[in-house]
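Q: Got a minute to walk me through a structure? I'm new to this one.

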Amino acid sequence: MKSIRVYLLLALLAIITLVTFVSLLQGYQSSISKAQQLFDERLQNMAEIIATANQSVEPQISNGFIHSQTVFFQIWHNDLSLLARSKNAPNVLLTDIDSATGFKDVNFAKYRWRTYVLRDEILQRWIITAERTDIRYTLAENVVLASIVPIVLAIPIAAFIIWLAIGLGLKPLRNLTTQLSHKQVDDLSPVEIKDTPEELTQLVSTTNDLLTRLNTAFIREQQFSADAAHELRTPISSLKVQLHNLQADNDNKSSLQPLAKGIDRMGQVIEQILSLYRHSPDQAMLQHERLELTTIAQQVIAEQYDLIADKKQKISLSNTTTCFVDGDQFALETLIQNLIVNASKYTPKKGEISVTISVEGDQLRLSVEDSGPGIAEQYHQRVFERFYRIHGDRHDSNTLGCGLGLAIVKHITLMHNADISLAESASLGGLKVDILFPQNKEGSDV
Amino acid sequence: MQVLLIEDDTALAEALTRSLKHEGFTVNPLASGNQAITSVKIELPDIVILDLGLPDIDGTEVLKEIRKHSADLPVLVLTARTSLDDKVKGLDLGADDYLAKPFEVDELMARLRVFERRSSTLKHAGLSIGEVTIDSASHQVIVSGEQIEFSRREFMLLKALMENSGRVQTRDSLESKLYSWGEEVASNTIEVHIHHLRKKLPSNFIKTLRGIGYIVKPI
């Protein structure tokens, strides 16, 4: 059903037409039979009047006092001689004369006629009156037609009024639809409809109930995320500090290396899970603002510099002009951080990482290239899946990871209406990650 | 250096106390915000390490109270929250630095040393890295035993880099340290100053990260 309004309109019009048609048919039939009866009475009366008025038994041809082409009479003697007739009547016997008086239908002169035969016993003669049948029908049809025309003309008007009435009746439903469709992703406030009709009460209350529950769940999940973050990060910090103390006391530092790696990995996985959770498109409550991408990239690289310096890698950032995007600062920081950390992680020592920000028409391109081994093309789609690592945990680079980094990156690009693609870096030979953001041009010359 | 450590997690507080003592700090660990406020009022420590998630009062309240009492006491905020709002709020309320859990102990120590250097340039005016020594009181720079003249801006730039040695300083952050808000700064101003600085300093003393910023590595 495409539209309730159209459906109701068509159904109602069909019903109205059907009912009208049936009642018109009924009316037509009863009009015809009533007309029959009236015309028959007239024929009969006419015969009786003629019988009374004309007492002659001598043949006489009248000049015809009936001028109508549709009605005539004949008077026949018992010996079948024509005593009298109207001017337009034939000279032959129009109908069989038997003993009975009565009505009959006969064909004559291409028309069908209704005849009435009156037996005049006293004067030994027959009086026949006749009338064309089609005339009767025409009259009856005219009567019926006169009542049909206004109804047929009224149907379009009825359709228009029905259309308006249905529209008015469906207004609360339309209202509800508009409210729901205009809801922002993060707006979980209940919908409100003035004078909710009975039929919608349940729908509105169920929808509101659902929204309330969703909101509660949302708040609870956010609370959980914050609590979990705190409850997990503090013990990991504690583990790290204790390990540091242990390393300071212990001469054989290499024996603690696996422990350090384990703690780092646990910390990373927790961070990534929390971050993935925070940045899933259905969870995120973003506060978009106009941000300068280069500044964010500079800050993130500066914060991650220890990591890069440890592997003696070279990093550079180049940009042509100030580049503004609409985005969430924290999400964009996470995005760039994940790309930089990934690049550094999978690029060997003394390798090179290059970050480029450029303007391309209406878009901004953020590219992160490295001189690492890159990612074979058959994995380009799969690496964005959660917990997917190429070759599982036996990754060639022998580095720690949980396979969430690029999944988070993908989520963040989705939230910013940005496109991400992987390729081989032409200049450095490793992986090239390209992200195209829609540019916020408003006052970009500032 | 007297460090006031405000952290409610006993395991972390104990471990941190040991690490800090090992690095030569004197540590006073406290587990509640109210105790911390009282303690600051009685005796000012040299550095405060403050965890924002405290059982009795919010860490940001403690920070406000500390700031009422002393405007220039260096406060390093530790937090398990990472959202940007908290970060901005913490810095707005007057935290000098911010470290998200879980952190590397080396990173914490590096930041504490920045505080230390800053307070030593304030109090004793001298700060040395390798062959370079600066004296904020007399605005003098001694390179390899020789006194060299620097312009005011060049001196401030060098000071900012040396105080934060080991940490990358972005062009933006250096600009904000050198120029007051609203002052016109040409896009290559910092590059020009660095270029002049380099001529007077040992080679590779200031390392450039192309497009990002500059770093002076601690020796």
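**Chain B to start**

A: Sure. This is a predicted model. In chain B, take the contacts between residues at least 6 apart in sequence: 55% of them join residues at least 24 apart.

Q: What is chain B built from, in helices and strands?

A: Chain B has eight helices and 12 strands. It has 219 residues, and 36% of those count as buried.

Q: What's the mean pLDDT of chain B?

A: The mean is 84. In chain B, 91% of residues reach 70 or more.

Q: And which ipTM and pTM does the model score?

A: The ipTM is 0.72 and the pTM is 0.56.

Q: OK, the contact between the chains. How many residues does each chain put in?

A: Chain A gives 28 residues and chain B gives 27.

Q: Which elements of chain A supply at least two residues each to that side?

A: These are α4 (198-249), α6 (293-303), β7 and α8 of chain A. The largest share comes from α4(A), with 14 residues.

Q: How do the residues on chain A's side divide by type?

A: There are 11 nonpolar, 15 polar and two charged residues on the side of chain A that touches chain B.

Q: You mentioned β7. Which sheet of chain A is it in?

A: An open sheet of five strands, in the order β7-β9-β10-β12-β11. The pairing is mixed.

Q: Why do β7 and β11 of chain A count as edges?

A: Because β7 (314-319) and β11 (419-424) of chain A each have a single partner strand, one side of each is left without a neighbour in the sheet. From one strand to the next, the twist averages 15°.

Q: In which sense do β7(A) and β9 pair, parallel or antiparallel?

A: Parallel, over six bridges, with β9 of chain A covering residues 352-360. One bridge partner to look at: K314(A) goes with E352(A) in β9(A).

Q: Which helix packs on the sheet?

A: Helix α8 (residues 329-346) of chain A. It touches β9, β10 (363-370) and β12 (431-438) of chain A. Its direction makes about 20° with that of β10(A).

Q: Now the cores. Which residues have the most contacts inside the largest nonpolar core?

A: L293(A), A297(A), I301(A), I336(A), L339(A) and L158(B). That core has 62 residues. Its largest share, eight residues, comes from α8(A).

Q: What is L158(B) in contact with, leaving aside neighbours within four places in sequence?

A: I134(B), V141(B), F150(B) and L197(B). There is also a second, separate core of 35 residues, which includes V27(B), V62(B), L63(B) and V105(B).

Q: Switching to α9 in chain A. How many of its residues are buried?

A: In α9 (residues 405-415), 10 of the 11 residues are buried. Among them are L406(A), I408(A), K410(A) and H411(A).

Q: Which residue just after α9(A) takes a positive phi?

A: N417(A), with a phi of about 55°.

Q: Last one, R112(A). Buried or exposed?

A: Exposed, because there are 12 other C-beta atoms within 10 Å of R112(A), and 12 or fewer counts as exposed.

Q: Where does R112(A) lie, and what does it touch?

A: R112(A) lies in strand β4 (residues 111-120) of chain A. Not counting residues up to four places away in sequence, R112(A) touches D105(A), N107(A), T133(A) and D134(A). R112(A) and A130(A) are 18 residues apart in sequence, and 9.9 Å apart in space, C-alpha to C-alpha.

How values were computed: Residues numbered from 1 in each chain as written. Chains lettered and ligands numbered in written order. Predicted model: local features only at pLDDT ≥ 70, side-chain atom pairs only at ≥ 80, totals over all residues. Helix = DSSP H or I, 4+ residues; strand = E, 2+ residues; numbered from the N terminus. Buried ≥ 20, exposed ≤ 12 C-beta atoms within 10 Å, placed from the backbone. Contact = placed C-beta atoms within 7 Å. Pairing = 2+ DSSP bridges. Axes fitted to C-alpha atoms, helices over the stretch in contact; angles between N-to-C directions. Nonpolar A, V, L, I, M, F, W, Y, C, P; charged D, E, K, R; others polar. pLDDT = per-residue confidence, 0-100. Core = buried A, V, L, I, M, F, W, Y, C linked by C-beta atoms within 7 Å.
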